Amino acid sequence: AQGIWSQLNEEQKREARACYFASISEIDAQFGRVIDFLAETGKLDDTIIVMCADHGDLLGAHGLFFKDISAFEEVYQVPLIVRGPGVAKNAICQGRVGLHDLCPTLIELAGAESIDVPDSRSCAEFLLDPAVNEQAFDSGYAEYHGTRFPLAQRIYWQGDWKFVFNGFDFDELYNLAADPAEMRNLAGDPEQADRVRSMMSEIWTRLENTGDRALLNSHYYSMRFAAVGPNKTS
């Protein structure tokens, strides 16, 4: 256990998890009322329905009972269920899609005029047939700016690999296939040095494409903590 959560005994931890799952169950029940209403009014098959969450919770993973600071999968891997016209039925998609991709996706599914922005992309084609373009959705990107404590954190997923740039702390590199619980940080492994530089370079590319001025225009010495700099060569 970490920090203040070391004060909790096992019974208190179970109670905390039970309260969390109870809240989820309540939300599921209310969401079910909406679906029942659509079915009763005959609009269920003509409506695009999205079930998702804004974030997860560690619930004791890594000794933590919150969602802030850490970039662990328990926080970032959230449910995303889409149903409606233009969406495959009873299919599980393995591609990596972010909540920010929902906007262009829903616009396309609704047949409205699309938008062209660098920080999101439509996955409507993927939802129609998950087998068509799964390889095109094998990477993901996220940024976190802190809550009460401002911080700089950027996360990049590429296939089984996940790299976390922590401007405030040491970086993290995990192979999610071999280490799904993220217990072995490989960022300092000399054998992974090229991968760290490559994935950090991709983060700089994302910063450039999205105009992330919080980091892109910074010339403070703290930016030297990155494995490579903005020019991606040193």
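Let's start in the sheet, where strands β4 and β5 (residues 161-166) run antiparallel to each other, joined over six bridges. One of the cross-strand matches puts Ile155 opposite Val164 of β5. The two strands make a hairpin, with two residues between them. Look at Gly159 in that turn: its phi is positive, at about 60 degrees. Bear in mind as you go that this is a predicted model.

On to the other neighbour of β4. Strand β3 (residues 139-144) also pairs with β4 in the antiparallel sense, again over six bridges. Here Gly140 has Trp157 of β4 as its bridge partner. So how much of β4 (residues 153-158) is covered? Five of the six residues in β4 are buried, which leaves the strand mostly covered.

A quick word on confidence before going further. Mean pLDDT for the protein is 88, and 94% of the residues score at least 70. Among the elements, strand β6 (residues 172-175) has the highest mean, 98, while helix α6 (residues 213-216) has the lowest, 80. Where pLDDT is low, the predicted coordinates should not be read in detail.

Now for the packing. The largest nonpolar core holds 16 residues, and the members that touch the most others are Phe163, Phe165, Met200 and Ile203. Two elements, β5 and α5 (193-210), each give two or more residues to this core. Helix α5 supplies the largest share, with six residues. Phe163 is a good place to zoom in: leaving aside residues up to four places away in sequence, its contacts include Arg154, Ile155 and Tyr156, then Asp171, Glu172 and Leu173, and also Val196, Met199, Met200 and Ile203. There is also a second, separate core of 15 residues, and among its members are Leu64, Phe66, Trp157 and Val164. You've met two of those already: Trp157 as the bridge partner of Gly140, and Val164 as the residue opposite Ile155.

While we're on helix α5, take a look at Ser201, which lies in it. Ser201 counts as buried because its relative accessibility is 16%, and the cut-off for buried is under 20%. Beyond its sequence neighbours up to four places away, Ser201 touches Val228 and Lys232.

Next, the aromatic rings. The structure has four aromatic pairs. One of them is Tyr20 with Phe21, an edge-to-face arrangement with 6.0 Å centre to centre and 75 degrees between the planes. Both rings belong to partly exposed residues: Tyr20 has a relative accessibility of 26%, and Phe21 has 46%. Another pair, Phe126 with Phe137, is stacked, at 5.0 Å centre to centre and 10 degrees between the planes. What does this stacked pair tie together? Phe126 sits in helix α4 (residues 124-128) and Phe137 in the loop between α4 and β3, so the pair links parts that are 11 residues apart in sequence. Phe126 and Phe137 are both buried.

Phe137 has a charged companion as well: the charged end of Arg121 sits over its ring, 4.1 Å from the centre. Something similar turns up at Trp161, where Arg195 lies over the face of the ring at 3.9 Å from the ring centre.

The loop between β1 (49-52) and α2 (73-76) deserves a stop too. Leu59 is found there, and it has a positive phi of about 50 degrees despite not being a glycine. Leu59 counts as buried, at 15% relative accessibility. His62 lies in that loop between β1 and α2 too, and its phi is also positive, near 60 degrees, in a residue other than glycine. With a relative accessible area of 23%, His62 is partly exposed.

That brings us to helix α2, the place of Tyr76. Tyr76 is partly exposed, at 24% relative accessibility. Setting aside residues up to four places away in sequence, Tyr76 touches Ser70, Ala71, Ala142, Tyr144, Gln153, Ile155 and Trp157. As a last bit of scale, Tyr76 and Glu40 are 36 residues apart in sequence and 35 Å apart in space, C-alpha to C-alpha.

Note on methods. Residues numbered from 1 in each chain as written. Predicted model: local features only at pLDDT ≥ 70, side-chain atom pairs only at ≥ 80, totals over all residues. Heavy atoms only, no water. Buried < 20%, exposed > 50% of the residue type's maximum accessible area, 1.4 Å probe, protein only. Helix = DSSP H or I, 4+ residues; strand = E, 2+ residues; numbered from the N terminus. Pairing = 2+ DSSP bridges. pLDDT = per-residue confidence, 0-100. Core = buried A, V, L, I, M, F, W, Y, C linked by side-chain atoms within 4.5 Å. Contact = heavy atoms within 4.5 Å. Phe/Tyr/Trp six-rings, centres within 6.5 Å; stacked < 30°, edge-to-face > 60°. Lys NZ or Arg CZ within 6 Å of the ring centre and 35° of its normal.
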